[in-house]
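Colleague: I'm still new to reading protein models, so could you take me slowly through one part of this one? Please start with how the helices at the beginning of the chain sit together, and then carry on to the strands.

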Amino acid sequence: MDHKAVTGHLAKVLGREAKDIMALMDGLATTMRDNLCEMNTVALPGFGEFIPVKEDEHIQNDLSTGQQILMPPSINVKFSPSALLKRKINDRQ
């Protein structure tokens with residue numbers, strides 16, 4: 001599902017206008033982004049956790065040229081699904 005489809009589906013399920021749902025989704029995205037940038041885990045009950053993982057600077061080989069490249073530090077986000085989500089997915093298979 002793309003952003004428009006998710007927004008339309010939520011608007012239908014919740015009986016709200018699409019613009020209200022877009023505002024809520026933008027607020028959620030901003031809140032999650034701000035917290036993840038501050039290295040805080042974001043938990044959504046029944047869905048899972050978004051966990052920021054800091055990767056230190058490291059040397060990596062460029063496979064096309066064979067040269068070594070210094071990669072800058074970065075923050076990656078790991079998603080850990082909740083037990084409820086895992087169970088629902090496994091029950092559908």
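Modeller: Here is a walk through the helix pair, followed by the strands. Keep in mind that this is a predicted model, not an experimental one.

Let's begin with helix H1, which covers residues 3-14. H1 has 12 residues and spans 16 Å from its first C-alpha to its last, close to the 16 Å expected at 1.5 Å a residue. Just after H1 comes glycine 15, with a positive phi of about 65 degrees. Then there's helix H2, residues 18-37.

How do the two go together? Two packed helices are described by the angle between their axes and the distance between the axes. For H1 and H2, the angle is about 115 degrees and the axes are 9 Å apart. Their crossing is right-handed. On the H1 side, the residues that make the contact are His3, Val6, Thr7, Leu10, Ala11 and Leu14. They meet Ala18, Ile21, Met22 and Met25 of H2. Sort the residues of this contact by type and you get 8 nonpolar, 2 polar and no charged. If you look at the numbering, one general point helps: an α-helix has 3.6 residues a turn, so residues three or four places apart point the same way.

Now for the strands. There's an open sheet of 3 strands in the order E1-E2-E5, with antiparallel pairing. E1 (42-44) and E5 (74-81) are at the edges with a single partner strand each, so one side of each has no neighbour in the sheet. From one strand to the next, the twist averages 20 degrees. Between E1 and E2 (residues 48-55) there are 3 bridges, and valine 42 sits opposite phenylalanine 50 in E2.

E3 (residues 58-61) and E4 (residues 68-71) also pair up, antiparallel, over 4 bridges. Glutamine 60 is across from isoleucine 69 in E4. The hairpin of E3 and E4 has 6 residues between the strands, and glycine 66 has a positive phi near 80 degrees there.

Let's finish on one residue of E4, glutamine 68. Glutamine 68 is exposed, with a relative accessible area of 58%; the cut-off for that word is over 50%. Leaving aside residues up to four places away in sequence, glutamine 68 touches Ile59, Gln60 and Asn61. Its C-alpha is 10.0 Å from that of histidine 58, and those two residues are 10 places apart along the chain.

Notes
Residues are numbered from 1 along each chain as its sequence is written. This is a predicted model: local features need pLDDT of at least 70, side-chain atom pairs count only at pLDDT 80 or more; totals for chains, interfaces and linings use all residues. Side-chain values use heavy atoms; hydrogens and water are left out. Axes are lines fitted to C-alpha atoms, for helices over the stretch in contact, and angles run from 0 to 180 degrees between N-to-C directions. Helices (H or I, at least four residues) and strands (E, at least two) are DSSP runs, numbered from the N terminus. A crossing is left-handed if the near helix is turned anticlockwise from the far one by less than a right angle, and right-handed if clockwise. Contact means heavy atoms within 4.5 Å. Ala, Val, Leu, Ile, Met, Phe, Trp, Tyr, Cys and Pro count as nonpolar, Asp, Glu, Lys and Arg as charged, and the others, Gly among them, as polar. Two strands pair if DSSP finds at least two bridges between them. The expected span of a helix is 1.5 Å times one less than its number of residues. Buried means under 20% relative accessible area, exposed over 50%, partly exposed in between (1.4 Å probe, protein chains only).
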